[in-house]
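This note sets out comments on the chain interfaces of the structure shown below. The points are numbered for ease of reply.

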Amino acid sequence: MTAPSTPADLPALRRKLAQETGPRFWRSLEELAETPAFLELLQQEFPPFAAAAVQGFDRRRFLQLMAASMALGGLTGCQKEVEQRQLSPYVEQPPGIVPGLSRHYATATSLDGFGYGVILRHEMGRPLKVEGNPDHPASLGGSSAIGQASILGLYDPYRAQTITQNGQLASDSALRTMLVERAAALGATHGSGLRLLTGAVTSPSLAAQIDALRKAYPQMAWHQWEAVDRDTVRDGARLAFGRVIDTVCDFARADLVLGIESDALSAAPGHLRYARDFAARRRPDDAKSPMSRLYAIESTPTLLGAKADHRLVMKPGNIQHALRLVAGAVKAGPSDWANIPVPQAQELAGLIADLQAHRGRCLVHAGRAQPADIHALCHAINHALDGFGQTVHTIEPVEALPTDGDTSLAELVADIEAGRVDTLFILGVNAAYTAPADIGIAAALRLVPHSIYLGERADETAELCHWHIPAAHEYEMWSDVRAYDGTATIQQPQVRPLYGGRSAHEILAMLLGEARRDDRTALRERWRHASGAADFERFWTEALRAGVVPNSAAAPTRVAPRPDYATALPPPAATAGLSLLYRPDLGLWDGRFADNGWLQEMARPFTRLTWDNAAEIAPATAERLGLQQSDMVELALDGKKLRAPVWILPGQAAECVTLRLGYGRRRAGPVGTGVGVNAYRLRSARNGWNAPGLALAKVSGRHLFASEQHEWLMHGENLIRATTLEQLHGKSPVPEAGTSDASLYPGFAYDGIAWAMSISLNSCIGCQACVIACQAENNIPVVGKEEVARGRIMHWLRIDRYYEGPLDAPATHFQPVPCMHCENAPCEVVCPVQATVHDSQGLNVMVYNRCVGTRFCSNNCPYKVRRFNFFDYSGDDPRPRESWNPEVTVRGRGVMEKCTYCIQRTRQAMIEADKANRPIADGEVLTACQQACPTQAIVFGNKNDTASAVARRKASALDYAMLDELNTRPRTSYETAVRNPNPSIKTS
Amino acid sequence: MATAETHWREPVIGPEQNYATVSEHLSDLVLVQRTPLWWYAGFGVSMLLFLWLVVAAVYLLANGIGVWGVNIPVAWGWALANYVWWIGIASGGTFISSLFYLVGADWRNGVNRFAESLTLFAAAAAGLMPIFHLGRQGLFYWLFPYPSVMGIWPQFRSPLLWDFFALLCYILNSIVFWYIGLIPDCATLRDRATTRRAQIFYGLLALGWRGSARHWRNYKIVYLVMAGFMAPMVVSVHSIVGLDFAAGIAAGWHSTQWPPYFFIGALYSGWASTLLLMIPIRRLYRLERIVTERHIEVIAKLMLATGLMLAYCYALEAFQPFYRGDQAERDAYLYGAFGAHAGSFWVRNSLNIFLPQLLWIPALRRNRVLLVLLSFGIVVGMWFERFNFVVTALAHDYIPSYWFTFSATIWDEGILYGSIGLVLAGFFLFIRLLPVVSMFELREVIRRKERA
Amino acid sequence: MSGETESAYGLIGAFADPHAAVAMARHLRRDGFRRFEIYSPLPLEETNEFIAKEPRNWLALIMFAAAIGGVVIGFVMQYVIAVIGYPINIGGRPLNSWPAFIPVAWEICALFTVYIGFAAFLAFCRLPKLYHPVFNAPGFERASQDRIFLCVETRDPRFDNQQLQSMFHEHRAVAIGEVPL
Amino acid sequence: MAAIFGPRANFYTQIVLISAGGVIVALAAMILILPNTGYATDIGFTPPQPVPFSHQHHVSGLGLDCRYCHTAVEQSADAGMPPTHTCMTCHSQIWTNAAMLAPVRQSLAEKQPLHWNRVYTLPDYVYFDHSIHVAKGIGCTECHGPIGDMPLTYKATSLYMGWCLDCHRNPAPHLRPHEAVFDPHWHRTASTPSPAQLMAEYHIHPATLTDCSVCHR
């Protein structure tokens, strides 16, 4: 192969890249790498993108587009730069493109293999915003924080941009040559030395390609590894049914839900759909669907647990006992289970009675972090209570290769150590970082003669592989993916690979000798075959447009638990001593998103921490060990040690330490490297989720956390109003603080449109999707840990978290707080320059360029929703300029900003309606937060239109305004939180 | 030793003093005396401090106010505390010279020049703070109602705008009020000057003042009316500063008591800072026979009285939240007293209320060292009052999830200490170039004494 | 200096005691002198009676007018800006929030009063006027220190050097001299 | 003693006082006048262009409609600049060898866009929408001046916020019937509906047009 004659020093190049920003980079790159290989590489990498970038138009957009790639460089599009005075029209205008009008394209985004449909908004050919696909069963329009942030991942300038061989720049042709050579060599041995390591795969086309590969190389082996895997779920199914089965829950039909540390609202495949259905059953004033009741049994708080009417906090071992008790009581297991001694028997008795009372209408769901026997028990209980076919549906596994990741990876390592592996292809799995320490993949990788890594970034694995090929982002390639219920979506590229990434399909194709193969054609061929549609063109365009392949959902299968499953169950874990719980992070997942500033700076729902993970321990345990918030401790687990800061977490089970995965990256990129502590260093394949026998010792030093919220308790009742269904139904009235609109002043009349928002505290699950959606829509900069710690986070929308009741098992309340748009806005009165004023729709508008930065408005805002640019945050934000939303002003240093009710959207809608001389329809305008919300907690519209959803919400008796005694008359109001506890359970 | 009464009878000017002696003594300090070493020392130190201000300001303007400790919710920090503090110190002088002129108190003439000059420089320092604290300092002129091509204007409901006008007018008026008092004395200096440079310098300042009967008559009228306007103006200026907070709805700010509260505090720091500077200068310039025990006595008593008024304000401040029964307000007050910033709360109480009670005892009241120390304590204590007031209400507002604290950076400090340098430097220049006591007013005092 | 009275501005005498100077001034006026002036290092209430011209409260009146003008201008400015110039809904407050306009109106009032008053004062005193013949008078520098001077101008029809000299003497003038032009 | 200042000093004092007053007046005048001078408003600013395109020739001369080139003006915030292809629809037939048009041919040949210098620039915090203005009967020439008679395009209006407000406060006099919006030489005639009628027809409510949020987001 053609190794560069005088290779450029890539690490040095990366170091520069880490420091330099757009304009400077190009030059330094030249200086750095004047090598023939590099120049050849330029030829191949950049012209297509360069062309794409130049075909821009319009002042603001063109400006940002010009700055697009570091390759083009030279200009930066920040509003404060010198005025761009050029107009560059197309040479030939692409059909359908109207300058200045946005377009929408459907595709899907996936996590651990499972996808959900999304629609991307494009401005001048650039995808800028991700929205859930209303037509997709796994989304129904909702999206997750990670999904919302995926757009930033697409533009991340720190993604790998060059093929490297042994850390040195290599050219495309060099890569092809290598692949051809490997193919030939492997072909000779029927691929005996060939190994393929992927993550969970649901993509039919990728699976097909791998099958083809196995046919071509019969001796090869395919290994799979996901750090946050579903092994326990599959094992649970094996225990219960004797084979792997996927279950699909139907929360909409569940009157009673029991969550065993369930991730149904946060991480399980289909969690968006589950959240939507769940919330639909938690509307106290919805006559059609009575409010469901929710029990949760868990060791560490989950989003589902936070909504529970009864939340039982137990150690993992006790959970196993408790569930056996329940199973025994409902005839889902040996009857002798029914008298297992467990704590909180009184609540459990109530639960059991309730379960039996709701036969056929109850649902038990366990999170992936629960051991296999729990899952088996859940199946048994659901079956025993006639849940199957009602609230639970069983389908054939959606994954192409439902295999156990730990064993699979262990086999691979064994093969490598035995020298049986000659060529290893790693497709997008950062195994060197995420694999359990005791498997020792890192050491093994060095032994592989030929290792090729396809990854988005130059990460820990890339470092250990001979070849690193930049992977294309999901939005840059043709592919397909299946959802939790098997529904398939054809993923269409939203933009040409910005940094010359390759798709897995492409690599495999090369390996199969289909050189210069075109992913699109291949995909079409596959689907032409699979769909068997008479009119394929129609099928194809329709599938692409809708973002869903019609009736591709998996058919339900009829299965029943084996009668003797109980005997096969492993014994419950010991309940004595400290145990360490590993859990995926809501933002970083298994660490793959560590370089995503939005997700790093997203306040976690319970800890409200940003830029950190911590050893989360219960208050009781903290007292026992004499630990304070942010003390440093040393966690010791079978010989391995790790230092971590302490975070005291109410609602955490005593003697349990929760550590979130995904932090402490060594090579995540400038944003994520070195943030938090690396839980994988302790994790072992044996105890992937719950590790008993933890030793914890206080060590010297304290840690600086950057938490967005510093006070836990709610002082006074007027922030969050809560009641119970009983009280609501007449038995005792809703707590109602009387307010009078008496005023000396004549009020202003808002007789046209009066925008208003209503947020349901019953529906909000604290998933943070709205926060990230707002950040994406409104060009909100990332400020970094230090600034967050100094109280300068910029989020326009935050989700406050309050605790109520006992410290060890408190009730949790989530309250999204955007700008209240008060009609008597206190902020406006104190602004000396009319920078914040009212408009005729009653919006409290902020005119950035008029602001001189007195900050009196923020002082005078009782809700503290205003944010200030203490520094030039947006100027310092590393994201490329062309990824800003051109419809929203990018704020400079020294100006105040805040939630605008997405005024760019309302204004655009008003212009369109005005052009047609028609009124705006209800639901025509969705704010970014509303659109993202998986549970439809946020409703926005014209409150003067009595038929509108928001007007109806505000008419409800449950509607209240925060701090209404201040007579600010907020346009944003809340729906009182209503819980539905079991009357027979006396909560202490 | 003398009792309070005998002290009260102490003359406001030594019996042996006459027109000639006061003219000579006071003008020779400026014209004849060689610049003393302590002056160089004092001026040098002040300039160093001032340099610190320059550095801090440049750094601030270059990097934005993020260099300070301010945050959300505590968006106002030291800059605003400094501002309120300086404007408070600035109100003492004008108040002495205007109000006590109206009531015809003779002792006033010994100290008013002095106090007024302090007022001037303090007001200048105060004026800097609101500009520094803006997010976009360069655009402060948008607060001024000028016809812009944007067709948009200032917003006159904002207390900040009231403040902007109050401060601007106050500084402008104080300058005139101070200068008009200087004219006849400049004439004296002009006529006593021995060097040509001095003659021209003071000659220009004197505007050709001849002391003719017409001059004097117009002078008396205009000065009287000005005094009549300056007195209420001082009150209004600091009341408006109080309104900055009272008009806000932050828990702990939203109360009608702040205007008087702030004004009383202002006078308090005004008296204290006057004494603080007057006692040493009096000693160094040998002014014992002109600025007599009587003056010090009177101001000390004023200080005591004002201190008691302030104590009442503090009591009210503690009483009202509980009387009104608004939880957020209660929390805010308790937080101020026992929360993260409680230190400043107790410092202010001890320095402003507890310690000054020593002044009840005549002997201590007359101990000048102690007096200087107490005054210094009060000046410091007032700063802590302002700081505590500005920060705690913000740090502990209505929304618990947004309770936070404030921690200052060296750049906050630079601005504060630097501004002190600015004021002192100006003050040293004043005592070197102009008569520290109004000569012609002393002559009036002497004449009144003779007639009596 | 010469006894050439035509080349002189007037005859001036210095007094140690204000009463003496005033007594002489009264004497002069009895004798029908008009053009004489008293210079003193401090205001002397008695001397006001020798200033016949403009009613003494004009200056005060002007300042009062300035005060009224200040209030009116101050308020009207705010009203025009808030109600007519660019009416904007600010926090639901009425456009004409007159109570909020009072402070600024008052400050502007004070500003006008003081500055217009100062200007008027200078005008009435004919200041600034760096040069005046009387500055040429011998020893006049003490007029700003400890002596009261009385100067009779030669332009006065009844001016008579000898007679005035004697008059000064009888009123115990400590020094007498001519003021050269 | 000898006076410190001679008689001339008074004369100089007068001069100083008078000139000081003059300076103050001059400054005040400057604040009022300077921003409205051509220097500040850039009215008449005619940047050089790669091709000396003449609206006069194409619009008044040949009678092309504005929308022939600015295709997006009725749908989008941007009026739309014609792609090179649009120029070549005609210029592949006529003036095929004109040196003046070389850059256009080159652009098409090399697939590189023409880079026009902008004449009208709005700051990034101002959001102007062409489509709503033309939909509501605001003619091109209201802002772009006698564009139809410009041999070279120059800036015809100041684009000051105050200037925008003048029309947003009282749009009536600037309205025209739909069909006249793109007519560069339109003027009221007896048959034109009255401004009041047009206001009603277009449903324009000036009260809401001065909201800050109309232009600033």
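How much area is buried between chain D and chain B, and what percentage of it do carbon and sulfur atoms give?

1. The model is predicted, and the values that follow should be read accordingly. The area buried between chain D and chain B comes to about 880 Å², with carbon and sulfur atoms giving 75% of it. Three residues, D:Ile4, D:Phe5 and D:Met161, account for 56% of the area that chain D buries against chain B, which is more than any other three residues supply.

2. In terms of residues, twelve from chain D are in contact with 13 from chain B. Zero salt bridges are counted between these two chains. Polar contact is found for two residue pairs across the interface of chain D and chain B, both at pLDDT 80 or more.

3. On the side of chain D that touches chain B, helix 1 (8–33) and helix 9 (161–169) of chain D each contribute at least two residues. Helix 9 of chain D provides the largest share, namely four residues. Sorted by class, this side of chain D comprises nine nonpolar, two polar and one charged residues.

4. The interface of chain B and chain A deserves separate comment. Here 51 residues of chain B are in contact with 52 residues of chain A. The buried area between chain B and chain A is about 4,300 Å², and carbon and sulfur atoms give 58% of that area. B:Ile72, B:Arg136 and B:Tyr402 together supply 16% of what chain B buries against chain A, more than any other three residues.

5. Which residues form the salt bridge between chain A and chain B? The count between chain B and chain A is one salt bridge, and A:Lys864 forms it with B:Asp397, their closest N and O atoms lying 2.9 Å apart. In addition, 30 residue pairs are in polar contact across the interface of chain B and chain A, with both residues at pLDDT 80 or more.

6. Helix 3 (37–63), helix 6 (159–192) and helix 11 (327–338) of chain B each supply at least two residues of the side of chain B that touches chain A. By class, the residues on this side of chain B divide into 32 nonpolar, 14 polar and five charged.

7. For the written description, I suggest that the two interfaces be reported separately. For chain D and chain B, the entry would give zero salt bridges and two residue pairs in polar contact. For chain B and chain A, it would give one salt bridge and 30 residue pairs in polar contact.

How values were computed. Residues are numbered from 1 along each chain as its sequence is written. Chains are lettered from A and ligands numbered from 1 in the order in which they are written. This is a predicted model: local features need pLDDT of at least 70, side-chain atom pairs count only at pLDDT 80 or more; totals for chains, interfaces and linings use all residues. Side-chain values use heavy atoms; hydrogens and water are left out. Contact means heavy atoms within 4.5 Å. Buried area is the accessible area (1.4 Å probe) that two parts lose on being put together, summed over both. A salt bridge is a side-chain nitrogen of Lys or Arg within 4 Å of a carboxyl oxygen of Asp or Glu. A polar contact is a pair of N or O atoms within 3.5 Å; within protein, one must be able to donate a hydrogen and the other to accept it, and residues adjacent in sequence count only if both atoms are side-chain atoms. Ala, Val, Leu, Ile, Met, Phe, Trp, Tyr, Cys and Pro count as nonpolar, Asp, Glu, Lys and Arg as charged, and the others, Gly among them, as polar.
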